[in-house]
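Student: I am new to this model and would like to look closely at one part, the place where protein and DNA meet. Could you walk me through it?

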There are 2 protein chains.
Amino acid sequence: MKHSTIIDIAKKLRISPSTVSRALNDHPDIKKETKELVRKVAQELHYTPNPIAISLQSNRTTTIGVIVPEIKHDFFASAISGIEEVAYQSGYTIILCQSNESVDREVVNTNVLMQHRVAGIIASISQNTLKWNHFQDVIKRKIPLVFFDRVIEDAAVSSVVIDDYRSAFDAVSYLIGKGYKKIAHFSGPSKLGICIKRRDGYIDAMKQHHYPIPDNFICYGGLHEQDGYSAMDALIQQKTLPDAIFAINDPVAIGAFQRIREAGYRIPKDIAIMGFSNNKITNLMEPPLTTVDQPSFEMGRSAARILVQTIEEGLTEPCHLVLNTKLIIRGST
Amino acid sequence: MKHSTIIDIAKKLRISPSTVSRALNDHPDIKKETKELVRKVAQELHYTPNPIAISLQSNRTTTIGVIVPEIKHDFFASAISGIEEVAYQSGYTIILCQSNESVDREVVNTNVLMQHRVAGIIASISQNTLKWNHFQDVIKRKIPLVFFDRVIEDAAVSSVVIDDYRSAFDAVSYLIGKGYKKIAHFSGPSKLGICIKRRDGYIDAMKQHHYPIPDNFICYGGLHEQDGYSAMDALIQQKTLPDAIFAINDPVAIGAFQRIREAGYRIPKDIAIMGFSNNKITNLMEPPLTTVDQPSFEMGRSAARILVQTIEEGLTEPCHLVLNTKLIIRGST
DNA sequence: TCTTAATATGCAAACGTTTGCATATGAAAC
DNA sequence: GTTTCATATGCAAACGTTTGCATATTAAGA
């Protein structure tokens, strides 16, 4: 069962491949009857165009490259799902890569995608991405690029993000409004843009109310459960207990949550805790976790939409989209 | 910044493209010095081979197609991650599709993947896949295929699964050993293989102990939280309370869990509950959910390994891999 | 010195499309 | 009966590789 080609159709009809090609593409030069004939035979032979040949000839593909730090992460899984959704509807196909939070791998990924002549790339950078020559190569090659969530600020590239600063500011303000005063912040990698912004939001909210922030109340670390766990552990060791914790994301909040539990403190009575992202899981904890809802699926869809538009209509100006977050108040605060 | 080609190198060195091609592929006919020269210039020009041209010429790609029902689902996200891992290491690229549990979309997906001349396909079927002509097309085309988790039993195709029957049997036996007698089972779609097997494991474990299974103790439904919720709701309405529930998977267990809570029953005292898959979330519930650990990441890796092997070494016999599950006993039972 | 063989390279076709240009056909205009 | 134009089709090159075969060069054998 070989794939049949335009040439097979041509032979069968004793016409030339170019006529077949034009007929299938509904070229005005071709007579109606010929078109119908060609279409009929194409059906009979189960002809489907070979996208590879088309790509070679046209030097473009209908493939979108996607790079995320970690596929398993709830947020990214959901965003990818959104990307796939739009890609599917628009006739694109997605090639998925994960950087595993490694810049080196991210570099390989961008190269692979460029080699594959993807029509565009959607990316969320690794937490270790400080240099970004690899993305500059992408830009130089004029391959449409859209960042989402974790973006490179200095690059003139379309992006889909949330307002990390404001979301954090609002979240912390809510805590303050609830009466908490000694609020600690478990941040992530100190160089990662979203972490910097959320931290600044936290700081400014505290400052606005003239609440002091002791040195050890801002803890930098990773983005996983274990990081929250050990940050909390350190605070407990130091015996400087906050009355609330604002964590960079849900996993970190969950790690802290567990350590708090282990130490026998009550949530939220002794220590309140707040996450970020609204991972599915947070609603099922006991008490359920207060968090900030981040529209992951929608971010994926928007990023894909912007990319497709850039590819097809050649948008020249980068487009920046900021989606709304929503404070989800639950039992943990 | 155009990509440079083999011809650019040829021109620069005033030799023929074929020589360049052979030099880069380390063909024995080519003199050592020539090879070195070619490699040097290739470096200078940042040459990378165009995979599209290679594909067209060789009629094969280094792309693996992946079809899953839902990317967001914890289990699949993790499996995809495993697939990506192996693919990356083996120099393959993955095209990701989701069927959204729709057969029609699954058909489109397989067609798209075949058109793209993928080197092989890894799939987990949708819950509505009863006919499978689309996969037969794949087989006819001699495109290597590996199913994982949700497989088509009758197809002579490699697969990576767990022993659903035994896992369920053991799980229910454990419940029985704990003293539970009126155990209900929340199953999934009644035609889905994994559901049938888990159900049969449940039935046989009950039978072994001569425990009756009232009609309404096996509830068929979907695979999501809401399905568990409504199944539990129905039982509560009927006032025929089981003393334990064995759910087809974690989300269903979680749904039931919530309904139980809402009804004011205590877990596990009034009703015990057990899930399946060991989603990350289950460990954080209160009480944490007893479940069956399913090695999702490893299943992805194994599936990818088998596929790559089939592609590269042309395995002819389908290979069936059954990975071990592990009962994770926690507070909910 | 001439043949033979080994070594290194080039030529050209092939993969499946698209597309600019040439051309064949027929009809309308003069 | 030419010329002119529109219509419909075909030819061939191009996209970037790979590869069978031909060929040029050199070395070895007689």
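Student: Which kind of atom of DNA strand C lies 2.9 Å from a polar side-chain atom of A:Arg22? Please also tell me what surrounds that spot.

Tutor: It is a base oxygen: a polar side-chain atom of A:Arg22 lies 2.9 Å from a base oxygen of DNA strand C. Before we go on, please note that this is a predicted model, in which local features need pLDDT of at least 70, side-chain atom pairs count only at pLDDT 80 or more, and totals for chains, interfaces and linings use all residues. Residues are numbered from 1 along each chain as its sequence is written, chains are lettered from A and ligands numbered from 1 in the order written, and side-chain values use heavy atoms, leaving out hydrogens and water.

The pair at A:Arg22 is a polar contact (N or O atoms within 3.5 Å, with added donor, acceptor and sequence conditions inside protein). Two other side chains of chain A reach phosphate oxygens of DNA strand C. The side chain of A:Tyr47 has an N or O atom 2.9 Å from one, and A:Asn25 brings a polar side-chain atom to 3.4 Å from one. Helices H1 (6-13), H2 and H4 of chain A, together with H2 and H4 of chain B, are the elements giving two or more residues to the surface near DNA strand C. Helices here are DSSP runs of at least four residues (H or I), numbered from the N terminus, while strands (E) need at least two.

Now let us widen the view. In total, 26 residues are around DNA strand C, and A:Ile6, A:Ser18, A:Ser21, B:Thr19 and B:Arg22 come nearest. A residue is near a strand if one of its heavy atoms lies within 4 Å of it. By class, this surface has 9 nonpolar, 12 polar and 5 charged residues. Ala, Val, Leu, Ile, Met, Phe, Trp, Tyr, Cys and Pro count as nonpolar, Asp, Glu, Lys and Arg as charged, and the others, Gly among them, as polar. On the DNA side, sugar or phosphate supplies 60% of the atoms of DNA strand C within 4 Å of the protein, and bases supply the rest.

What about DNA strand D? Around it are 25 residues, the closest being A:Thr19, A:Arg22, B:Ile6, B:Ser18 and B:Ser21. Of the atoms of this strand that come within 4 Å of the protein, sugar and phosphate account for 60%. A:Arg22 appears here too, with a side-chain N or O atom 2.7 Å from a base oxygen of DNA strand D. B:Gln57 has such an atom 3.4 Å from a base oxygen of this strand. A:Thr19 turns to the backbone, with a polar side-chain atom 2.4 Å from a phosphate oxygen. Helices H2 (17-24) and H4 (51-58) of both chains each supply at least two residues of the surface near DNA strand D, which has 8 nonpolar, 12 polar and 5 charged residues.

Finally, how do the two chains relate? A turn of 180° with a shift of 0.0 Å along the axis lays chain B on chain A with an RMSD of 0.0 Å. The two copies are therefore related as by a two-fold rotation axis. Both copies use the same surface, since 100% of the contact residues of chain B recur in chain A. Copies are superposed by least squares on C-alpha atoms of residues with pLDDT of at least 70 in both, and contact means heavy atoms within 4.5 Å.
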